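Here is a short set of questions on how one protein chain packs. Look over the model first.

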Amino acid sequence: MTSVIVASLMWLLVLALLVLRRGRVERTITWAAVTIAISMTLNIDPVYLTLDAAAGGSNAVTLVADLALMTGVFLLGRGVMKAADHPPRAVRIALSRVVFGAAVFSASIAFLLIERGATTTNFMLDLGQQPAAAVYSMIHFTYYAVVLGAMAVVASEQVRVSQGILALPPALLVAGCGFGISLTIDIIVMDVAHLAGNTDLMSTAAVLYGPLYLLTFLLLCSGFAGQPFARAVRARRRERTTRALAARLASVWQAASDVHPGISRNAEAVFDADDPETLLHRQVVEIRDAMIDIRVAFVVRGADLEALEDAERHLVGEGATPDAATSTRVRQ
């Protein structure tokens, strides 16, 4: 059941990313989600049994699923790193192709040394007493912990520099990375306990496996799906504020244009008044031009001046008050 839930979460994430990130050239996160979703699907018992039987019944599909997960985690980390302006050297090393290649090579060699027997849906429970199987498992999860640790560093920086709703997705990623690293520790404890024959410790650690596994994927999926959603919400809020500020400046802009005609009055000029950002920028420029041109007498005071300054702050990314205020304009 856990495999079905996690696979469903991943395919939902893929769907969300395809919808929310449509039109974006950068697709690394989406490809990472697709690869991980395929890996999780291969871990669903009926799917695994069918495909492994077709592959000869020697658990070869385990390696395919695990390498797909490693590839997906690698792409995920690379996608997160692209969001950082200057990621630390340790992060760049952890998410490098060299480390990924070394992990894939080492895991593949360890897998080939396992006496795998017939198809089993309890791979580590049935074979985990073999040193090669324990090493195979630990290589995988150590690599995941390395990548998640690097992702947590990048996401923590995003939390620090983000405001409002934009801080929530990277915060979810940090939490997901934390649970993922805890999951790795738990699994390594189980691997060592299995090798040592300490079934009590293994059973105790196994209690944490399911919750940590689910929380890791739930928080990571929420964080990745939340990023484009948060940006869309913020973009809509900014557009509403831009339109409100343009409405506040409409009358003073008209007055400024009457005494000092700008590009907006030129029929041959390229000016898209339907774009709220372009309109507001043009309003600010032409009002300021009229104010500083000594050939005309045009002064803006009171609420109109506040609206103008709000618009300027808004255009450079600072806060502004979109609500209209009483106009007080003086023309000389």
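The questions below cover a helix pair, the nonpolar cores and one buried serine in this predicted model.

Q: How is H3 oriented to H4: roughly parallel, roughly perpendicular or oblique?
A: The axes of H3 (residues 45–54) and H4 (residues 60–82) come within 8 Å. They cross at roughly 120°. Roughly perpendicular stops at 115 degrees and roughly antiparallel starts over 145. So H3 is oblique to H4.

Q: Which residues of H4 does H3 meet, and how many nonpolar residues does the contact have?
A: From H3 come Tyr-48, Leu-51 and Asp-52. They meet Ala-60, Val-61 and Thr-62 in H4. By class, the contact has one charged residue, one polar and, for the nonpolar class, four.

Q: Which helix gives the largest share of the largest nonpolar core?
A: That core has 60 residues. Met-10, Met-40 and Met-151 have the most contacts inside it. The largest share is 14 residues, and it comes from helix H8 (residues 131–161).

Q: Which residues does Met-151 touch, beyond those up to four places away in sequence?
A: Met-151 is among the residues with the most contacts inside the largest core. Its partners beyond that sequence window are Leu-76, Gly-77, Val-80, Cys-177, Leu-220 and Phe-224.

Q: How many residues are in the second, separate core?
A: This core includes Leu-245, Ala-246, Ile-287 and Ala-311. Its count is 17 residues.

Q: Is Ser-137 buried or exposed?
A: Ser-137 lies in helix H8. Outside its neighbours within four places in sequence, Ser-137 contacts Met-124, Ile-187 and Asp-191. Its relative accessible area is 5%, and buried means under 20%, so Ser-137 is buried.

Technical notes: Residues are numbered from 1 along each chain as its sequence is written. This is a predicted model: local features need pLDDT of at least 70, side-chain atom pairs count only at pLDDT 80 or more; totals for chains, interfaces and linings use all residues. Side-chain values use heavy atoms; hydrogens and water are left out. Axes are lines fitted to C-alpha atoms, for helices over the stretch in contact, and angles run from 0 to 180 degrees between N-to-C directions. Helices (H or I, at least four residues) and strands (E, at least two) are DSSP runs, numbered from the N terminus. Angles under 35 degrees count as roughly parallel, over 145 as roughly antiparallel, 65 to 115 as roughly perpendicular and the rest as oblique. Contact means heavy atoms within 4.5 Å. Ala, Val, Leu, Ile, Met, Phe, Trp, Tyr, Cys and Pro count as nonpolar, Asp, Glu, Lys and Arg as charged, and the others, Gly among them, as polar. A nonpolar core is a set of buried Ala, Val, Leu, Ile, Met, Phe, Trp, Tyr and Cys residues joined through side-chain atoms within 4.5 Å. Buried means under 20% relative accessible area, exposed over 50%, partly exposed in between (1.4 Å probe, protein chains only).
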